[in-house]
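This report walks through one model, chain by chain and then across the chain contacts. Please keep the sequence and the structure at hand while reading.

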Amino acid sequence: MGRTILVVDDSAVMRSSLKANLEMQGFQVRMAADGTEALAQLKNGFKPDLVLTDIHMPGMDGLTLIREIRKLPGFRFVPILVLTTESQQAKREEARRLGATGWLVKPVSGVDLVNTIRKVLPDT
Amino acid sequence: MSTLVEQFVVEARELLQGISEQILALEARPEDSEALHELFRLVHTLKGNSGLVEAPAMTRVLHVAEDLIGAVRDGRQPFTQELADALLEALDFVALLVDELEQEGTVQAAHNHEATRHIQRLQALGDGAAPEASPPASAAAADDATPITLEALPEEARAVARERLQEGSPLHWIVYEPEEDCFFKGEDPFLLARQTPGVCWGRFSPREPWPALDAMDPYRCVLRFELLSEAPRAALEEHFSYVADQVCLQPVQASRPDADPVDPPAPVAIPDEAVQQILEAQQAVLQGPVDEGFDGRVQAVKAALEGLLKALGWESARDALEAALEASRQTRSPEPLRQWIAQTFGRHAEPTPDAGDTASETTPERQSNATSEAPRLPEARPRSSSTLRVSQERIDALMSLVGELVVAKNGLAYLAGKVQRDYELPELSREIKMHFAALHRIAEELQDAVMQVRMLPFAHVFQRFPRLVRDLARRLGKEVRLEIIGEETEADKHLIESLADPLIHLIRNSLDHGIEPPEERRARGKPAAGLLRIRTRQEGDRIWIEVSDDGRGIDPERIKRKAYEKGLVDEAALERMGPAEALQLLFRPGFSTASNVSDISGRGVGLDVVKRTVEQLGGSVRLESEPGKGTRFILSLPLSMMVTQVLVVEVQGQLYGLPVDAVVETVRVAPEAIQRIQHQDTLVLRNQVIPVESLQYRLNDCKPSHKAADTLSVVIVQQETSRVGLLVDDFRETLDVVLKPLPGVLAGLSLYAGSALLGDGTVLMILNLKTLLEPCRSNFGSEASSSVTT
Amino acid sequence: MPVEFRKRSVVLRDHVTVEEAESLLSWLQDHPRGQVNLKHCRHLHTACLQVLLAARPSIRVMPTDPDLRRWLETLGPS
C-alpha cells in the first residue's frame, strides 16, 4: 500500500523534482501550487499520509496552510514537513510552533527526503 | 539537456521576469509592501530552484540578493535607486547564467569571479543589514555535551554501554522528553526514538504516574525516551533536529575519570557555504593552464585543502589527498585533484565514507557523475491541470508534421485528377475526392488546433519593455511613461518572437528621436514625462500593433530634404510627394534622421530593417506623425502564416503558385478585350481599367507568344492599392502548401517567395508578386485603377 | 484494518495510527480483561503506546517484528 504525499510548492520545478524523488521511493504524490489549492484538496476528502509544503508561495503561504490544516478535523495529527532554505531558521521555528512536524532544507536530495520521511512515517 | 534543467530554465526566465517587474514597481513606489513581498518570494524561489541545477555561482548571487531584499522587507534597509540598479544588474548576470545553462547544460566555474563582484556590490549596499545567519546546528545541544559516566546510566543500559565502549565505539546517552502537545504537530516520538541512528538500547517510561483510564487523555504525550546510540554526534543532532530543545545528548564516558575521553572533540562547525567557497577557489586555480607554474599551483591547492580537512576534522582523508597531489604532479594534470575534491566533498561538501581509496579510482569519467545526481524527471506537471508546459521543439515538430500532412493530403487531389484524366475512372475519382474532402477537413482542424497551441500573448515580448524603457530613459536623461494596451492579444509564436526586435527598435527610436528631454517638454507646455504607448489588437485574421509617442514628431519637409541630399529621391519625385508619403521615406535603406549616430537607435540598423522584417512576416508598416504632437508606427500582420494557399497557374508548361490572398479573381476573356493604352496592355473589367502583364514576360523576359487562343486566362491580383491582371496560359486548382523560403543563392532570385513540395513530389515555385510587379507599378501607378467613363 | 476489535481481544496489525488511540482506550476501558495481539504489528503510534502502558492489558502475542518486540519487552507476557 503506497503512502500518499501532498506536495505544495509554487515552483513547478521544485514540485516535479520532489514528485520524481518521492515516486522513486514508492510514494504516491499529489501536488498543489499553493496553500489554497492544497487546502481545497484536503477539504475535498483527500487524505494524504504526509504534507510537504514550501513556505513562500503566492496566495496562501505555507505557514498559513499549516495553521489551516491543523484546524481541519481529520488533520490534527497528519505530519507536515516544510521546505526551507538554509537561512530560514526563524521560519522553521515559526512553522514548528504552528504545528509543522519538521523541515527539509533545499536543495532536497533523495537521501534527505527518505531519511526525513522515515522519521515521521512508520514503515517507509 | 536533462528535463530538470529544461524546466529550470523555463521557470527561471519567468521568475526573472517577475523579479524585474517587481523591482520596477518598487522603483515607482518604494513603499509598496506587496511588491516587496512578492519580490522576496520570487528571488527566494529562484534561489531554491538554482540549488537543483549545477550552478553555484547563481545560487550565491541569489542568496545575497535575497538577504538584501529581506533586509528591505524587514525595514532594516531602504529601497534605493542604487539598490535597484545593483539588483537588476545582478539579475542580468543570473539571466546570463540561465542562458548558459540552457545552451551548455552547465555553468562554467569561470563566472565565479563575476559572481563575487555582484555579491560584493550587493553586500556593500546591505552593509549593516547582517544576513539572517543560522546559528550552527550544534548550538542548541552544546550545553548538554558534558559527558555522562557509565555509572550514572540506569543499570539495564550499563552492560550494553560497557560492551560498546570496549569495542571503541563512541557512545551517546539520549534523553528525549517530547512536548505534551507533540501529536498535534504530526509527531510520533516513539517512531523517532525507534529510528534513532546507531541505537543499541532504549526504553520508555511515563514522566508522571498513569491516571485512571477514564481520566486519561491519550493525546497528551507524557512519555520519556532514553536511548544509547553509537552513531556520531552530528548524526544524532541531525536526527533530533526538529526537537532539539526536547533532547539531551551526552557522550558516555568510561568509568575511569582519568581515561581519554572516548568521544573526540567535536569539530568546529564550518558553514557549508564557506567550504564551498574554498572549494570553488581551488577549482578555479586548477583551471589554469598546465605551464611552469603548475607544480606551484597544485601545491597551493593541496595546502588549502589540507587546511580545510583539518578544520573539518577529516584528517583521515589526508593520505588520499597526498596521493591525488602526487598523481596530479606526475601526470601534469589537475584531474586527479579535481577527482579527489569531487569524491571527498561531493555535492554538499560532505566526505564520502570511503574517501580513502580515491587514488585507485581516478578515472576521468567519474567526474561527470557530479552533475547527473538529479534524477530524470517525468513530464513537467503544470500548476493546475488546465495548462501544460511543452517545449518549443515538440510544438515545432508537431507543426511540421501537420504541414506534411497538408501536403500529403494534396497528393490525393492530384491522384483524383490523374485517375479521372489518365484512367477515366470517374467513380473512383469521385471517391478519392470524397476521402480528400474528409482529410482536408481534419487536416484543417488539426492545423487550427496546432496553431492555437502556438499562440502566445504579446505579453511574452512586451514584458521586457518596461525594463528596456526604464534603462533607455535613464541613459538619455528623459522621463518616459510606458503604456501597454492589449498585451493579452495572441498571435503565432513565430510572429511574436520575430516582432521583438522590430518593436524594440521602434521603442528606441521613439525614446531617442521622438520624446523630448523634460525641460524641452515643459517649455512646450507638455508634461515632463513623455508617453510611449504600445497597443495591439486583433481584427479578423490580422494583428495591429501601434507604437506611438507624444514627442516632437517628424517634419516631412526635413525628411524630404534629407532624402534628396542622400540621393534617395530625385527632385521631380520630391515635388510630387505629399507629406504622408514623405514620412514613408524613413523606411528606405540608408536613411537615418539622427544627425549623429547615437548608441541607442543608431546601431547601423534603420527603420528599413523593421519594414523588411514586418514584410517577411507578411505584414506592412506605416508611419504617421504630426510635428510637435507625436509619432505613430502602425504595423499590420497576419495572425498566422503556417500554410499558404496558392493558386496554381501554368506558363509555358511550367507550374507556378500565386499566393491566394493576393488573387482577386480569375477571368477568361477574349483576346480583343486586352487593349494597349500608353504602351501598356490593359483590360477593362467591370468599369475598371486594369493593367495586364504577361507572366511569361515577367518571368522569362521574353515576348509573350499569344497563342491564337479563343480565350485568354487572366489572374487579377491585388498589389497594395492597385490591381494588376496577370496573363497566364492556364489556371489550375488552389492548393495548401507549406511555403519554404529559398535557401542560399536562390534567395537572391527574389521573384520567388519560396518553394513548396507538391503531392506528386514536384517542386512548385511560389511567386513573389511584390518583386514580380515592381517595375510595372512604378510605370503605372495606383491611378491605373481609376474609373473610366464610357 | 490495523485495529480489529474482537470479543475478548484486540488485534493490532501493521502500523497503528494516532487516530486509533481513542478507540483503543475506550475498548480497553470496556474490556478490563481484554487481551492484545501484537503479532503482526510493526509500529504503534506513541499515543497508542501510552494507552497500552496505562491500561497494562495482557499481551497475548508479542510482535514478530524483532525491533518492536525488543522495545515492548517490558510489556511482555508476565
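## The sheet of chain A

Strand β1 (residues 4-8) of chain A and β3(A) run parallel, joined by four bridges. One pairing shows the register: V8(A) has T53(A) of β3(A) as its bridge partner. The model is a predicted one.

β3(A) also pairs with strand β4 (residues 80-84) of chain A. These two strands run parallel as well, again with four bridges. Here V51(A) is matched with I80(A) in β4(A).

## How β3(A) is covered

How many of the residues of strand β3 (residues 50-54) of chain A are buried? Five of its five are, so the strand counts as mostly covered by the 20-neighbour cut-off for burial. The cover is on both faces of β3(A). L50(A), L52(A) and D54(A) are buried on one side. V51(A) and T53(A) are buried on the other.

In a regular strand, side chains alternate between the two faces of the sheet. The split in β3(A) follows the sequence in that way, with L50(A), L52(A) and D54(A) on one side and V51(A) and T53(A) on the other.

## Chain A overall

Chain A holds five helices and five strands. Read from the N terminus, its elements run β-α-β-α-β-α-β-α-β-α. Chain A has 124 residues, and 59% of them are buried. Of its contacts with a separation of 6 or more, 60% link residues 24 or more positions apart.

The mean pLDDT of chain A is 88, and 98% of the residues score at least 70. Which element of chain A has the highest mean pLDDT, and which the lowest? β3(A) has the highest, at 95. Helix α5 (residues 110-120) of chain A has the lowest, at 84.

## Chain B overall

Chain B contains 26 helices and 23 strands. It has 790 residues, of which 34% are buried. Among its contacts with a separation of 6 or more, 68% are between residues 24 or more positions apart.

## Helix α5 of chain B

Helix α5 (residues 112-125) of chain B has 14 residues. At 1.5 Å a residue, they should span 20 Å. The C-alpha atoms at the ends of α5(B) are 20 Å apart, which agrees.

Which residues of α5(B) are buried? They are N112(B), A115(B), H118(B), L122(B) and L125(B). These residues cover an arc of only 140° around the axis, so they lie on the same side of α5(B). On the other side of α5(B), H113(B), Q120(B) and A124(B) are exposed.

The spacing has a general background. An α-helix has 3.6 residues a turn, so residues three or four places apart point the same way.

## V5 of chain B

V5(B) sits in helix α1 of chain B. Is V5(B) buried or exposed? V5(B) counts as buried, because it has 24 C-beta neighbours inside 10 Å.

Leaving aside residues up to four places away in sequence, V5(B) touches V53(B), L101(B) and G105(B). L52(B) is 47 residues from V5(B) along the chain. The C-alpha atoms of V5(B) and L52(B) are separated by 8.4 Å.

## Where chain B meets chain A

In this contact, 33 residues of chain B face 39 residues of chain A. On the chain B side, the elements that give two or more residues are α1 (3-28), α2 (33-50) and α8 (189-194) of chain B. α2(B) gives the most, with six residues. By class, this side of chain B has 14 nonpolar, ten polar and nine charged residues.

## Where chain C meets chain B

Here 19 residues of chain C are in contact with 18 residues of chain B. The chain C side draws two or more residues from each of α1 (21-30), α2 (46-55) and α3 (66-71) of chain C. α2(C) gives the most, with eight residues. This side of chain C divides into eleven nonpolar, six polar and two charged residues.

## Confidence

Chain C has a mean pLDDT of 87, and 92% of its residues reach 70 or more. The model as a whole scores ipTM 0.96 and pTM 0.43. Where pLDDT is low, the predicted coordinates should not be read in detail.

Terms used. Residues are numbered from 1 along each chain as its sequence is written. Chains are lettered from A and ligands numbered from 1 in the order in which they are written. This is a predicted model: local features need pLDDT of at least 70, side-chain atom pairs count only at pLDDT 80 or more; totals for chains, interfaces and linings use all residues. Two residues are in contact if their C-beta atoms, placed from the backbone, lie within 7 Å. Ala, Val, Leu, Ile, Met, Phe, Trp, Tyr, Cys and Pro count as nonpolar, Asp, Glu, Lys and Arg as charged, and the others, Gly among them, as polar. A residue is buried if 20 or more other C-beta atoms lie within 10 Å of its own, exposed if 12 or fewer, and partly exposed in between; C-beta atoms are placed from the backbone. pLDDT is the predictor's confidence in each residue, from 0 to 100. The expected span of a helix is 1.5 Å times one less than its number of residues. The arc is that of the directions from the helix axis to the C-beta atoms. Two strands pair if DSSP finds at least two bridges between them.
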